[in-house]
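Student: I am new to this structure and would like a close look at a single part of it. Could you take me through one part slowly, explaining the terms as you go?

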Amino acid sequence: MPAEITTPTVYLRPSKGWIPLNLADLWAYRELVYFLTWRDIKVRYKQAALGILWAVLQPVMIMVVFTVIFGRLAGLKPDAGIPEAWYPVFSLAALLPWQLFQAALQRSSVSLVGNANLLTKVYFPRLIIPFSAVAAGLVDFLISLVVLFVLMLAYGVSFSWNLLWLPLLVLLALMTALAVGLWLSALNVQYRDVQQIVPFLLQAWMYASPVAYSIDLIPATGPWRLLYGLNPMTGVIQGFRWALLGSSPPDQLMVISIVMVIALLVSGLFYFRRMERKFADMV
Amino acid sequence: MSDLAIRVEHLSKQYRIGAQAERYDTLRDVITGTADRVVQRLKPGANGGSAANTIWALRDISFDVRRGQVLGIIGRNGAGKSTLLKVLARVTEPTEGLGEINGRVGSLLEVGTGFHPELTGRENIFLNGAILGMKRTEISRKFDEIVEFSEVGQFIDTPVKRYSSGMYLRLAFSVAAHLEPEILVVDEVLAVGDAEFQRKCMGKMGDVAQEGRTVLFVSHNMSAILRLTQETLVIEKGQLAMRGPTPQAVDYYLSHGYATEGERTWESGEVPAEAYPFRPVALRVRDVRGKVADTIRSTEPATLELEYCLAESITGLRVGLYLMSTRGEYVFTSFDTDAPEAFERYSARPAGRYISRCTLPADLLNEGRYVIGVNASSYRIKRYFQDEQAITFTVDGAGAPGTVWPEPRLGAVRPRLDWQIEVITE
C-alpha cells in the first residue's frame, strides 16, 4: 500500500540537550494554527453585547484619555513637524501597534497554561499554541486600523506611499511579542509567577516606548537614544508614525531593534523546544 | 518495512511526586530548593538522593504490536496504563527506553479534548478534528457522517455549553471515531452515553479493527475487552505483569491484587486526594454467621459492608456497591439511600466513621466468582470515590436450585422460583 511507504516512523526516546526546531512538523500542522487562532477570535466576543466593536472602542477610549491627560493637562507635544492639534491621531497611531503587541504578549504568555487540557492529551508541535495566540490579535488590529484611517481623514492627514511599510512593521511587532511570549509561556508552565509579572512588565514597557509622548523627549546626545533603541517597540512605533503621519523616519536604531528581536526570537524558540518535553508533566 | 506497528523496549517513565502534590512550583521554592541542594552538595558524603521524591509510573516495559492487531491493556487505577498511552501518543516523553511507532497515531485519551463550550457543535467538529490531526478537507468530507453518528443533528448550530452531557459526549466521540489513523489508542470511551450509543461505539471499534488498523484498547470493562481483543497486556505497578490471550489475561487480572480473604482495606495513600472528605476504610463480605469470608453459599444470605470515614459532613451522600461478574457484566447496582426513609434520614451525614451494610438475600447469585465495586457520590454534584474492582468473592452453588443436574447454569442469578406445574390432560 502506498500509505505504508509514506507513513513516517516516529521514535520515542528521552531527548537530551538542545532540540532541533523541526519546522517541517510545524508546517504539517499549519491548519491547526489557523483553527486555534480562529477559536480565540471567535470566542473572545461571544456573549458580549457590543461584540467585535470592542476592538475599536478600547484603543479609542485610551486615545481619549491620553489626549486629555497627556495632550491637554500635561501639555505633551507630538513629534516635531506634526501639528499639536493632531495629538489624538498621533497617540492612536502608536496605540494600535502597541495594543497589538500588548494583547499578543499577554495572550501568548499564558497560552500554554490556558491550553493545558490539550497539552496533556494530544500530540502536536507545541509551538503552535503561542503562535496562534499571537496571531489572534490581528483581526482586532485591522478593524481599529480602519478607524484610524477615518480619523486621519477627519484631521486632514494626507496618506503617503510609506503606508506600504506597515505590514513589515506589524510583522516586527508580532515577532517581538512572539519572541518574548515564547520565553514567558515556557517559563509560566513551571513558574506561575510569570502571570503576575506580565501586567507590570507591560505597563513599564509602555512607558519605555513612545506611545503617549514623542521620542523627541529622549535626549539625542549621550547613550540614551541607543538604550532606548534596544526596545524593539520604539522602532515599530516610530515607523508607524512615520508611515502614517510623516514624522521623521526611523533611524539606525531600527537596526538595533531588529537585531534584538531576532536574537530574542531564536533564543526563545530553542528555549521553548528544550522545555517542551516537560510541559505535559508540569503544566 | 517491518510489520510491527509499535515496538517498545525498556520503556520507563519517572515522575516527580512533589510536582504533582503542589500543582506547580514558584520561583521562591526554586530559589530555596536550589540553596538546599547547594548546601547538600557541599556536605561530604552526600549523594544526589533524589529517589525519595520520584516515582516510576512505568518501569522497563517492552512489547510490540503487529500491524492490524487489536491489543487490550488492563490494569488497576494508577497502574500506569494512562502513562503508557501518553508516551505512545507522544504527549510526554519516556525517561528511559525506546519506542518505535510506524504510522499516524490517533488517540482518544479523552473524548472532547479541545472542545470549547462557547462554540457551536459545527464549529467544535472542525476545531476538535484539527486538534486530533485531521485536515480541513477531510473534516468537511466526513462532516455529515459525524453529525449523523452523533445524533445531535438539530442542535448542530447551538453552542455546546447548552448541550446535555450525553449529547456533548456523543458529539465528541463521533469526531474522534471518524479519525482514520493507522494506530488508534482508545481509553475508556465506552463509558460514554446511553446503552444504545455504547452499542454503536462498540460496533465502530469493531469496524476499525476489521479494516486492519491497529488498536490499543484500554478499559475496565472486561466484557468489552474480551469481545474486542484476542491478546491483552496486564500492567501492574508500572510493570508488565503478563501478556497473553485475553481470557487468560482477564483471569489473571481479576484474581491478582485483590484481597482474597473477603476483606479489602484501603491505606490512606491508596485513596486519591479528590475523594476528600470521603475515605474508604474497608469492604467486607460476611457469611450468614457474620464471619468475614471469601466464599459464600448461594443458598444462604450474606452481608456486604463498607466502612468509611467522613472528615467533614457531606450533604446528599450515597454510598453504594456494584456487583459484577468476572466477565465485567453488571449484575446490579445499589445505594444505601435507595429507600426514601434512609434518604430522608442520612442525606446529610456529619463527620465521623460509618458502616453501610446490606444483605444479599439467599438464592440470588449463581455459582461463580463476582467482583464488587464501590461508589460514593452525591447525585449530580460530585463523585467522591470509585473503585470498580474493590474485591472479589466466590459463590458456592451447593444446594442451589437445579444442582441435582451437575451442569453449569447460564446467567448471573440463580433464584429459587416458585414453579407450578398444571396438569391439563391426563
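Tutor: In chain B, among contacts between residues at least 6 apart in sequence, 70% join residues at least 24 apart, where two residues are in contact if their C-beta atoms, placed from the backbone, lie within 7 Å. This is a predicted model, in which local features need pLDDT of at least 70 and side-chain atom pairs count only at pLDDT 80 or more, while totals for chains, interfaces and linings use all residues. Residues are numbered from 1 along each chain as its sequence is written, and chains are lettered from A, with ligands numbered from 1, in the order in which they are written.

The part to look at closely is a sheet built by both chains, an open one of four strands in the order β1(A)-β4(B)-β1(B)-β2(B), with antiparallel pairing. Helices (H or I, at least four residues) and strands (E, at least two) are DSSP runs numbered from the N terminus, and two strands pair if DSSP finds at least two bridges between them. At the edges stand β1 of chain A and β2 (54-66) of chain B, each of which pairs on one side only. From one strand to the next the twist averages 15°, the axes being lines fitted to C-alpha atoms, for helices over the stretch in contact, with angles from 0 to 180 degrees between N-to-C directions.

Starting from the chain A edge, four bridges link β1(A) to strand β4 (residues 96-102) of chain B in the antiparallel sense, and within this pairing A:V10 has B:I101 as its bridge partner. Further along, strand β1 (residues 4-16) of chain B runs antiparallel to β2(B) and is joined to it by nine bridges, with B:L11 standing opposite B:I61.

One residue at the far edge deserves attention of its own, namely B:S62, which belongs to strand β2 of chain B. It counts as partly exposed because 14 C-beta neighbours lie inside 10 Å; on this scale a residue is buried if 20 or more other C-beta atoms, placed from the backbone, lie within 10 Å of its own, exposed if 12 or fewer, and partly exposed in between. Leaving aside neighbours within four places in sequence, B:S62 is in contact with B:V8, B:E9 and B:H10. B:S62 and B:L98 are 36 residues apart in sequence, yet 9.1 Å apart in space from C-alpha to C-alpha.

The shared sheet can now be set within the meeting of the two chains, where 30 residues of chain A are in contact with 41 residues of chain B. On the chain A side, β1 (9-12), α3 (30-44), α7 (116-119) and α14 (253-282) each supply at least two residues, and α3(A) gives the most, with six residues. By class, that side of chain A divides into 13 nonpolar, six polar and 11 charged residues, where Ala, Val, Leu, Ile, Met, Phe, Trp, Tyr, Cys and Pro count as nonpolar, Asp, Glu, Lys and Arg as charged, and the others, Gly among them, as polar. As for confidence, given by pLDDT, the predictor's own score for each residue from 0 to 100, chain A has a mean of 87, and 98% of its residues reach 70 or more. Residues 1-6 of chain A, however, stay under 50, and the model has one contact beyond four places in sequence for them.

It also helps to place the sheet within chain B, whose secondary structure comes to 10 helices and 20 strands and of whose 426 residues 36% count as buried. The domain assignment, automatic or from a database, gives domain 1 (4-27 + 53-255) and domain 2 (263-396) of chain B, and their C-alpha centres lie 29 Å apart. Seven residues from domain 1 and eight residues from domain 2 make up the contact between them.

For comparison, chain B also holds an open sheet of five strands, ordered β12-β20-β19-β15-β16, with mixed pairing. Here β12 (295-297) and β16 (330-335) stand at the edges with a single partner strand each, so one side of each is left without a neighbour in the sheet, and the twist averages 30° from one strand to the next. The mixture shows in two of its pairings: β12(B) runs parallel to strand β20 (residues 382-396), with three bridges between them, whereas strand β19 (residues 368-378) pairs with β20(B) in the antiparallel sense over 10 bridges.
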